[in-house]
Amino acid sequence: MPFEPVILFFLLGALAGLIRSDLRIPAVLYESLSIFLLLAIGLKGGVELARYPVGELLFAAGVVVAAGALIPLIAFPVLARLGKLPRADAASIAAHYGSVSVVTFAVASTFLLGRGESAEGYMTVFLVLLEFPALMIGIWLARRGAGSGDWSKVLHEVFAGKSIVLLLGGLAIGWIAGSEGLKPLDKLFFDLFKGMLAIFLLEMGLVAASRIGDLRRAGWFLAGFAVAMPLVGAALGIATGLLLGLSVGGMTLLATLYASASYIAAPAAMRIAVPEANPGLSIGAALGITFPFNLLLGIPAYHWAAVTLHGVFA
Amino acid sequence: MPFEPVILFFLLGALAGLIRSDLRIPAVLYESLSIFLLLAIGLKGGVELARYPVGELLFAAGVVVAAGALIPLIAFPVLARLGKLPRADAASIAAHYGSVSVVTFAVASTFLLGRGESAEGYMTVFLVLLEFPALMIGIWLARRGAGSGDWSKVLHEVFAGKSIVLLLGGLAIGWIAGSEGLKPLDKLFFDLFKGMLAIFLLEMGLVAASRIGDLRRAGWFLAGFAVAMPLVGAALGIATGLLLGLSVGGMTLLATLYASASYIAAPAAMRIAVPEANPGLSIGAALGITFPFNLLLGIPAYHWAAVTLHGVFA
Amino acid sequence: MPFEPVILFFLLGALAGLIRSDLRIPAVLYESLSIFLLLAIGLKGGVELARYPVGELLFAAGVVVAAGALIPLIAFPVLARLGKLPRADAASIAAHYGSVSVVTFAVASTFLLGRGESAEGYMTVFLVLLEFPALMIGIWLARRGAGSGDWSKVLHEVFAGKSIVLLLGGLAIGWIAGSEGLKPLDKLFFDLFKGMLAIFLLEMGLVAASRIGDLRRAGWFLAGFAVAMPLVGAALGIATGLLLGLSVGGMTLLATLYASASYIAAPAAMRIAVPEANPGLSIGAALGITFPFNLLLGIPAYHWAAVTLHGVFA
Amino acid sequence: MNRPLQTRKLLTIVCEAALEKRLEKELPGFGAHGYTISDARGSGAHGRRDAAWPASANIRVEVLCDEAVAEAVVRHLEAQYFSSYQLVVFLSDVQVLRAEKF
Amino acid sequence: MNRPLQTRKLLTIVCEAALEKRLEKELPGFGAHGYTISDARGSGAHGRRDAAWPASANIRVEVLCDEAVAEAVVRHLEAQYFSSYQLVVFLSDVQVLRAEKF
Amino acid sequence: MNRPLQTRKLLTIVCEAALEKRLEKELPGFGAHGYTISDARGSGAHGRRDAAWPASANIRVEVLCDEAVAEAVVRHLEAQYFSSYQLVVFLSDVQVLRAEKF
Ligand SMILES: Nc1ncnc2c1ncn2[C@@H]1O[C@H](COP(=O)(O)O)[C@@H](O)[C@H]1O
Ligand SMILES: Nc1ncnc2c1ncn2[C@@H]1O[C@H](COP(=O)(O)O)[C@@H](O)[C@H]1O
Ligand SMILES: Nc1ncnc2c1ncn2[C@@H]1O[C@H](COP(=O)(O)O)[C@@H](O)[C@H]1O
Ligand code: NA
Ligand code: NA
Ligand code: NA
């Protein structure tokens, strides 16, 4: 079967959007589902995390964050010089691609699960850690030269942001309560996860379809970037995974994280911190192209690459 | 046990409405539940559908649609001549009764399940197919004589309507993914189905209670119609079922489909296509009388009739 | 493990509120969850109730309600004389503490479940019965001397209030349908209960954190009251439980009911019936102090006391 | 325009959601023939109301009516609710069609 | 103020939610450059609309525009919708910046 | 009426939901004593905002205040937000009770 069934929900949503159906997922359902997904991912990560010694993790986390920081630093000059985008736009798009997409990560986990492929439990920790450095870098890139401004506000915006609070909070609860303690919550947070993800993807399909106009205005350069950048990110992820000796599953997930572009945390943070940037460009690229690209082609490709290279090097 | 427990939720809602409780189901919860129910019914149908050869279905579907088209054609003259209703109203009500109620169908399925009675899996396909022809017929009845108007707009309104998109979309996903592929989604879409239906019925009870005023204004003729028409529809359904050689379960479901009146897709479509019609009449009859009638008395009666006649003829 | 995991969700919500995260649980999700929890508690109670002869219950219920009525009658003079609060405020706060908190009850049930400790099934009936007498007493205390006013309106407000309708409705459905009849709904109402409670507590943590300002304005007397009053209530609950010969679980739950303060039904009823009372005081105390106190310290303490005293007297 | 526009009052009330049922019952008694309500949140003299749960939700009620009705409603709100409830009331002039409706 | 304020019309339409898609399509045709919509419930000559489900939900549409556009839209609503739909329309004068936008 | 009505300004801002927290922090600094917010969707020069997800949601903010405060807020919005954010601002005259509140 080429597609995870959850991806069919994305396609259904996109199709409904394109034929201008009156299907609308209420905004509140979107918010509720995203709270659910963030918490559930955090909880699962926390339970897994309890199995690893923290020391071992610290080093790996440092490497993953450092390598991840390369992504916005690569993306920015490409966008600004090659793409001739204004500095604010280049910086904002770089931040979106440096940060990560929680839903893409969830689909990749689901993909691995469907293949019976396991992955290091602490990948969720990486997900959390990768969410914000790129946002900081993006803001710094946008503001270089200009007055420094209110970093404390920005830091608060990011760290007290909904997605970090729910991911980190879930992680902490899962870690404290452990697998046994969480058992009575499994029926909601774990058993229903994939179904909830399916409905969320239906909505993302609708939203992505409504971004087609933005994309058309953005032009070919950005469309190309939105396909090429994930490939660069994925390659970096597989290389880093090999370096750290991750499993095939872990490599696939890290490649997916690097390849994915944020469309939950990043748009919110950039809109406030870099208001001159046009959100149509960054969201159009991240959600209209990179997200479906990763879902449909990227994840299977990264998995294939991980299998192949793991066989060669490990 | 005379009642399905889910019906008790409808009664609770109706009672809460009648005593003017401040209980309100948030509109967004209503919308979310209806998205869930439509998708789930579609998915289940799609999984079942995969088991049947398409050729066999085509003939049966043709018969079911053709027989179903009789319902609005019978209802219209009764309403217009006997009931002396204005043409627009008669046409709109005929369309509501010709189309089908997804929730009534769901309650009937649940009723059969509770009795261990199985039914042809492709009944969901009939549900989808029966949803729109009656709407077209209703619009044509309303406009005869008047200028033709914008049929393409109307067709789009109906086919790109939320309920068709979700039912057909679910059907397609279920069919593509198959029983195995959908397994990880079962815990949400199948296991929780009946509970979600219960909460939806609670809300429908509240809404039905708020329609009592409309009904009182509508008068006795319409009230009688709202009880008699389902019986006519059910008889047609059982006859068609016998003709097609359906099982007892299938006959019950087809009778229920014909007997039921739409209050999701039809009100939306008629409001736009036949604005002169008073929605209080059609919704009052369909939701205030026919829906509870089918839930409380109709479904068991149709089942009884199916059992009896199946014994005689098949 | 010192904490039930669900309590960690409350702490997470409170923390998110204190660091001024932009995490918000949509109001509609709050309403949907409270409908779910009230229905589920009612259903569970109804199923259990079916096992007891009504006669036996009547006496116990009378004792429980009579003893419970002491709470607002004790609280009022303390608040009015010692605390020098205006009559309306004293009466309103007394009503909040005389009534009960459904969520605290749910956490206590969950606490017992986690310890494999069973309790009399009819405790839910007490929960329902205890919800309103204190509201009546509070209104009467506020209005003594003043003109009598519209008691019928108030009675309707309380009895047709959402929480009573859902609890009683659930109770009735559970009782009629019985354990077997409800089986197809278990997956929603029972299996997901604890997870839903966890998300609700996350929201209550956020709301409680936003009440800190109210509390500061209220001063030390009220803060002290909000800790002392639950202890008085719990003592009364344990004494009543011993008198009635309840199990350890039942004593713990009755103590929790008496110790808890309402923040769903009471605020709504008092706002209309005693408008001169400042809702900041009653909600601040009930939700900002008593609720977390019961969750974190109270319930385990009441359980410990129940175990000890049950050993001594029973 | 075909039918002429006439001036009426638009009375807007922003208040606690707890008053919704009560206002719905009372408004017709003062001669108001209709109203429109939407959900709101806000801040004022009594602090912030963030609509995170029912106790902190506001509503925004609009009534199109003639001057006498507006005056009667405002007077009632002043007498009945100003001291104990959180609410804000304002009036403006608007042009309506079918003025007999209001 | 730096840029001067100019007077424009604020046209407010309260109507059945069923009209949303249609109004969105039609408004630009009359020269309206934008609109704002929020959800509402209410009551009027046709009874109460409590927004408990789509068939009883209202919307509240606001259009900032110049007088000619306002007149055209009002005339259209009158001709097209007044007889069959539940709706209320009113106009008021407001001051805007960047008046060329509207 | 018992207490006389006085004229104040009603300042309405329709903008991206992303600005909510920021406006809530800034408004008091200009002398506004309160505000009311509701959720909205809409369309304008920057295209359609359908509120399907947070990035495309609007809010509608109302501030009752005196003329000086209204002017200060409008000037601030003009300087700070007009170039980078999607927003629309308009003012009207309304009559209020308890004018000292605003
Ligand atoms: N100056 C104002 N402008 C707009 N809305 C206000 C203003 N003051 C108060 N409100 C609204 O009225 C509600 C009650 O106000 P208050 O009684 O002053 O706390 C607030 O929650 C706001 O929604
Ligand atoms: N006098 C009024 N003031 C404010 N809103 C009104 C008024 N009359 C009607 N409405 C609104 O317009 C909708 C349709 O009104 P109607 O067609 O009169 O039933 C109602 O549901 C209300 O939301
Ligand atoms: N002419 C208008 N009338 C009413 N609302 C408008 C108008 N133009 C813009 N808006 C609102 O203001 C938001 C931002 O407008 P804009 O920056 O022009 O895209 C839109 O999403 C609408 O909600
Ligand atoms: Na990335
Ligand atoms: Na039918
Ligand atoms: Na109590």
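This text walks through a predicted model, taking two ligand sites and then the contacts between chains.

Ligand 3 is a convenient place to start. Around ligand 3 there are 20 residues, and the closest of them are Thr36(E), Lys101(E), Ala45(F), His46(F) and Asn58(F). The chain letters in that list show how the site is built: the residues around ligand 3 come from chains E and F, so the site is shared between chains. Several pieces of secondary structure take part. Chain E contributes strand 2 (35-44) and strand 4 (58-65), and chain F contributes strand 2 (35-44) and strand 5 (87-96), each with at least two residues of the shell. Strand 2 of chain F gives the largest share of this shell, with 4 residues. Sorted by class, the shell around ligand 3 holds 8 nonpolar, 8 polar and 4 charged residues.

The backbone of chain E also approaches polar atoms of ligand 3. A backbone N or O atom of Leu64(E) lies 2.8 Å from a nitrogen atom of ligand 3. For Gly34(E), a backbone N or O atom is 3.4 Å from a nitrogen atom of the ligand, while for Tyr35(E) a backbone N or O atom is 3.4 Å from an oxygen atom of the ligand. Taken alone, ligand 3 would expose 480 Å², and the protein buries 98% of that area.

Ligand 2 can be read in a similar order. Ligand 2 lies between chains D and E. Of the 20 residues around ligand 2, those that come nearest are Leu64(D), Lys101(D), Ala45(E), His46(E) and Asn58(E). On the side of chain D, an N or O atom in the side chain of Thr36(D) is 2.8 Å from an oxygen atom of ligand 2. A polar backbone atom of Tyr35(D) lies 3.4 Å from an oxygen atom of the ligand, and a backbone N or O atom of Gly34(D) lies 3.5 Å from a nitrogen atom of the ligand. The protein buries 98% of the 480 Å² that ligand 2 exposes when taken alone. The elements giving two or more residues to this shell are strand 2 (35-44) and strand 4 (58-65) of chain D, together with strand 2 and strand 5 of chain E. Strand 2 of chain E supplies the largest share of the shell, 4 residues. The shell around ligand 2 divides into 8 nonpolar, 8 polar and 4 charged residues.

Chains D and E, which have ligand 2 between them, also touch each other directly. Their contact takes 22 residues from chain E and 26 residues from chain D. The size of an interface is often given as the accessible area lost when the parts come together. Between chain E and chain D the buried area is about 2100 Å², and carbon and sulfur atoms give 49% of it. Within chain E, Arg41(E), Glu78(E) and Phe90(E) supply 29% of the area that this chain buries against chain D, more than any other three residues.

Charged and polar pairs cross this interface. There are 4 salt bridges between chain E and chain D. In one salt bridge, the side chains of Arg48(E) and Glu24(D) meet at 3.3 Å, N to O. Across the interface of chain E and chain D there are also 8 residue pairs in polar contact. On the side of chain E that touches chain D, strand 1 (6-16), strand 2, helix 2 (67-80) and strand 5 (87-96) each give two or more residues. The residues on that side of chain E divide into 10 nonpolar, 4 polar and 8 charged.

The contact between chain A and chain C takes 25 residues from chain A and 24 residues from chain C. The area buried between them is about 2000 Å², with carbon and sulfur atoms giving 81%. In chain A, Ile173(A), Leu185(A) and Leu188(A) lose the most area to chain C, together 23% of what that side buries. The interface of chain A and chain C has 0 salt bridges, and 4 residue pairs are in polar contact across it. Helix 2 (27-49) and helix 9 (162-189) of chain A each supply at least two residues of the side that touches chain C. Helix 9 gives the most to that side, with 15 residues. By class, the side of chain A that touches chain C has 16 nonpolar, 6 polar and 3 charged residues.

Some chains do not meet. No contact joins chain C and chain E, and their closest C-alpha atoms lie 13 Å apart. Chain B and chain F do not touch either, with their nearest C-alpha atoms 13 Å apart.

Methods: Residues are numbered from 1 along each chain as its sequence is written. Chains are lettered from A and ligands numbered from 1 in the order in which they are written. This is a predicted model: local features need pLDDT of at least 70, side-chain atom pairs count only at pLDDT 80 or more; totals for chains, interfaces and linings use all residues. Side-chain values use heavy atoms; hydrogens and water are left out. A residue is near a molecule or strand if one of its heavy atoms lies within 4 Å of it. A polar contact is a pair of N or O atoms within 3.5 Å; within protein, one must be able to donate a hydrogen and the other to accept it, and residues adjacent in sequence count only if both atoms are side-chain atoms. Accessible areas come from the Shrake-Rupley method with a 1.4 Å probe; for residues, only the protein chains shown count as cover. Ala, Val, Leu, Ile, Met, Phe, Trp, Tyr, Cys and Pro count as nonpolar, Asp, Glu, Lys and Arg as charged, and the others, Gly among them, as polar. Contact means heavy atoms within 4.5 Å. Buried area is the accessible area (1.4 Å probe) that two parts lose on being put together, summed over both.
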